[in-house]
Amino acid sequence: MLHERLWEQNQDLAQASLGHPLVEALRDGTLAPAAFRGYIAQDAFFLEAFARAYALALARSRGAEPIGLFHVLIGGVRDELRLHAAYAAELEIDLSRVQPNPACRAYTDFLLATAWHRSLGEVLAAMTPCMRLYAFLGQELLLRIGGQGKVKVHPYGRWITAYSGPDMQDLADHIDSLLDRFSKDTPAVRQAYRYAMQCEVDFFSAALETPAQVLEGQR
């Protein structure tokens, strides 16, 4: 299936994400609070754009069927944003004032431009990596910390639980199935998928490089 081929073709970037210092620090519970705060702020900004990209793709689709298909995915983003809102309240992040760093902006601009101008197949190729990668990372981190018994006392256990859970896996499976159904194995589809995977690695790097640049006018 197409989703399996694309995932396998981009295993180098999946493994780069899994072995990224930010992800390893999340696994070990050693990620600095300032870096996590910055990461959550940037990810919340990203997720709002991600939801808008789904909405744009829905608006450009014909027929009644896409309403149900995209409703599931938009609902998944809504649930992620609830997690980020809870973190924002605890970490005193004003999400209305978050300014995207260059890596976050490049990723969101790519997704929105793709959703606005490209075919549904390319849109799905651009948006699938985020869902599939986070389901992969969540499950791998859960395994590497020792399972559910350990996650309850882990500093970032709530994050690991959210992304390792069945809801996240179901969403990743859902968008994988849409990719298989509506996309073809073309250079444009492969390029969109790989660029999104690279954006994920860049996103993690930026969160470590500029953790203080979270909110405009706030330190």
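**Exercise 1.** Which residues does Phe 50 touch, not counting residues up to four places away in sequence?

*Solution.* Keep in mind that this is a predicted model. Start at Phe 50 and skip its sequence neighbours up to four places away: what's left is Val 77, Leu 111, Met 127, Cys 130 and Met 131. Next, zoom out to the largest nonpolar core, which has 74 residues. Phe 50 is among those with the most contacts inside this core, as are Leu 111 and Trp 159. Helix H7, residues 120–145, gives the most to this core, with 15 residues.

**Exercise 2.** Classify the ring pair Phe 50 and Tyr 54: what are the centre distance and the plane angle?

*Solution.* Step one, get the two numbers that matter, since a pair of aromatic rings is described by the distance of the centres and the angle of the planes. For Phe 50 and Tyr 54, the centres are 5.0 Å apart and the planes sit at 70°. Step two, apply the cut-off: planes over 60 degrees apart count as edge-to-face, so Phe 50 and Tyr 54 form an edge-to-face pair. Step three, look at the backbone: these residues are four apart in helix H4 (residues 33–59), so about one helical turn separates them. Phe 50 and Tyr 54 are both buried.

**Exercise 3.** Now do Trp 159 and Tyr 163: what kind of pair do their rings make?

*Solution.* Here the ring centres of Trp 159 and Tyr 163 lie 4.7 Å apart, with planes at 50°. That angle falls between the stacked limit of 30 degrees and the edge-to-face limit of 60, so the pair is tilted. Trp 159 and Tyr 163 both belong to helix H9 (residues 157–164), four residues apart, or about one turn. Both are buried. While you're in this stretch, check Arg 158: its charged end sits over the ring of Tyr 87, 4.3 Å from the ring centre.

**Exercise 4.** Which element gives the most to the lining of the largest pocket, and which gives the most to the lining of the largest cavity?

*Solution.* Take the pocket to begin with: its volume is about 210 Å³. Its lining includes Val 72, Asp 79, Glu 80, Tyr 163 and Asp 167. Helix H5 (65–91), H9 and helix H10 (166–182) each give two or more residues to that lining, and H5 gives the most, with six.

Then the cavity, which holds about 30 Å³ of space. Pro 66, Leu 69, Phe 70, Leu 120, Leu 124, Leu 178 and Phe 182 line it. H5, H7 and H10 each supply two or more of the lining residues, and H5 again gives the most, this time with three.

Methods
Residues are numbered from 1 along each chain as its sequence is written. This is a predicted model: local features need pLDDT of at least 70, side-chain atom pairs count only at pLDDT 80 or more; totals for chains, interfaces and linings use all residues. Side-chain values use heavy atoms; hydrogens and water are left out. A nonpolar core is a set of buried Ala, Val, Leu, Ile, Met, Phe, Trp, Tyr and Cys residues joined through side-chain atoms within 4.5 Å. Buried means under 20% relative accessible area, exposed over 50%, partly exposed in between (1.4 Å probe, protein chains only). Contact means heavy atoms within 4.5 Å. Rings of Phe, Tyr and Trp (its six-membered ring) pair if their centres lie within 6.5 Å; planes under 30 degrees apart count as stacked, over 60 as edge-to-face and the rest as tilted. A charge sits over a ring if NZ of Lys or CZ of Arg is within 6 Å of the ring centre and within 35 degrees of the ring normal. On a 1 Å grid over the protein atoms alone, a cavity is a set of points where a 1.4 Å probe fits but cannot get out, and a pocket is an open set with protein on both sides within 12 Å along at least five of seven lines; lining residues have an atom within 4 Å of a point. Grid points are joined across faces, edges and corners, and a volume is the space filled by probe spheres set on the points.
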